[in-house]
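Trainee: Could you take one residue whose backbone deserves a close look, and then work outwards from it to the rest of the chain? Please give the cut-off behind each term as you go.

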Amino acid sequence: AGTGKFFVGGNWKCACNHDDYYFGIYNDFCLKPVQILQNGTKDSIRKLVADLNDSKLENDVDVIVSPPYVYIDVVKQSLTERIEISAQNSWVGKGGAFTGEISVEQLKDIGCKWVILGHSERRHIIGEDDQFIGKKAAYALSQNLKVIACIGEKLEEREAGKTFDVCFEQMKSFADSISNWKDVVIAYEPVWAIGTGKVATPEQAQEVHVAVRDWLKKNVSPEVASSTRIIYGGSVNGGNCSELAKQEDIDGFLVGGASLKGPEFATIVNSVT
Ligand code: PEP
């Protein structure tokens, strides 16, 4: 870790249990063994909140959790204020006649401070494109909702030597829409590492983080490059977090499966070096 305050976010997705592994077709894009998460329930979320409230978290870390929309309010009411709440998505503009969507205004109203945008599941399963995601970031920031901006390459892109191209292209869409970077955290999440148990090596992650920081330096400004936190996500767990956290340009983590277990999530938060 090197830049700013260590940042650890827990992405609870549409789920609340990570004991099940499943070999099969998860979606049209992924035929590898992947983790299938059971749906979160009121009971499982109550237990997770209680575990988080009981855990000892290092002071010098920003800690965020991102429950499914329908549980944000109950989590906000019961979770320690030490942990801030993020949404997993938001509507692209001001709320209105957009059936099924949740607006930035509503998220702020129920106490969300953050939103995750550009998560690979939204890009590759739901089909959100770079431009749409960039617009969402611009709108959220304009309303003072902070943004966890996700980027990352698919396996075939890495194998074709296109990792940097893909990440820079995704960065460009964010940069085209963002004028103030102080409320932005970048999450590098290689798609092949998300929910697969195949974590990037510390060297693989560090290599991309340095490249993204360098891209920010050249394309935004040296100040933004040196002050923006770049966190890693993709199969981070209690066992692999400390080696990753030692890397100079890894400023924290975005955690999926392992954030559904309070004590393990606390271990990841406390891996700050
Ligand atoms: C994520 O969903 O952002 C993520 C990194 O998931 P996991 O930790 O389960 O790979």
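Mentor: Ser235 is buried, because 21 other C-beta atoms lie within 10 Å of its own; the term buried asks for 20 or more such atoms within 10 Å, exposed for 12 or fewer, and partly exposed for a count in between, with every C-beta atom placed from the backbone. This is a predicted model, in which local features need pLDDT of at least 70 and side-chain atom pairs count only at pLDDT 80 or more, while totals for chains, interfaces and linings use all residues. Residues are numbered from 1 along each chain as its sequence is written.

Ser235 has a phi of about 60 degrees, a positive value although the residue is not a glycine, and its place is in the loop between β9 (230-233) and α10. Helices and strands here are DSSP runs, H or I over at least four residues for a helix and E over at least two for a strand, numbered from the N terminus. Asn144 is another residue other than glycine with a positive phi, near 65 degrees, and it lies in the loop between α5 and β7 (146-151). Asn144, however, counts as exposed because it has 10 C-beta neighbours inside 10 Å.

The ligand is surrounded by 14 residues, of which the closest are Ile194, Gly195, Gly233, Gly256 and Gly257; a residue belongs to such a shell if its C-beta atom, placed from the backbone, lies within 6 Å of the molecule. The shell divides into five nonpolar, seven polar and two charged residues, where Ala, Val, Leu, Ile, Met, Phe, Trp, Tyr, Cys and Pro count as nonpolar, Asp, Glu, Lys and Arg as charged, and the others, Gly among them, as polar.

Helix α10 (241-245) is among the elements that cover the buried residues of α11, and the cover also includes β1 (6-11), α1 (42-54), β4 (61-66) and β10 (252-255). Within α11 (residues 262-269), the buried residues are Glu264, Phe265, Ala266, Ile268 and Val269.

Returning to α5, the helix before the loop of Asn144, its axis over residues 130-142 comes within 8 Å of that of α7 (residues 163-177), and the two cross at roughly 40 degrees; the axes are lines fitted to C-alpha atoms over the stretch in contact, and angles run from 0 to 180 degrees between N-to-C directions. The crossing is right-handed, that is, the near helix is turned clockwise from the far one by less than a right angle. From α5 the contact takes Asp130, Gln131, Ile133, Gly134, Lys135, Ala137 and Ala138, and from α7 it takes Glu169, Gln170, Ser173, Phe174, Asp176 and Ser177, two residues being in contact if their C-beta atoms, placed from the backbone, lie within 7 Å. Sorted by class, this contact holds four nonpolar, five polar and four charged residues.

Ala175 is also found in α7, and it counts as buried because it has 20 C-beta neighbours inside 10 Å. Its C-alpha lies 9.7 Å from that of Ala137, with the two positions 38 residues apart in sequence numbering, and, leaving aside neighbours within four places in sequence, Ala175 is in contact with Asn219 and Val220.

Strand β7, on the other side of the loop of Asn144, holds Cys150, which counts as buried because of its 26 C-beta neighbours inside 10 Å. Beyond four places in sequence, Cys150 is in contact with Ile116, Leu117, Gly118, His119, Ser120, Ala187 and Glu189; the C-alpha atoms of Cys150 and Ile116, 34 residues apart in sequence, are 7.3 Å apart.

Glu84 lies in strand β5 (residues 84-87) and is partly exposed, because 18 other C-beta atoms lie within 10 Å. Its contacts, not counting residues up to four places away, are Ile64, Lys113 and Trp114, and its C-alpha is separated by 6.4 Å from that of Val63, 21 residues away along the chain.

For the protein as a whole, the secondary structure comes to eleven helices and ten strands, and buried residues make up 45% of the 273 residues. Among contacts between residues at least 6 apart in sequence, 72% join residues at least 24 apart.
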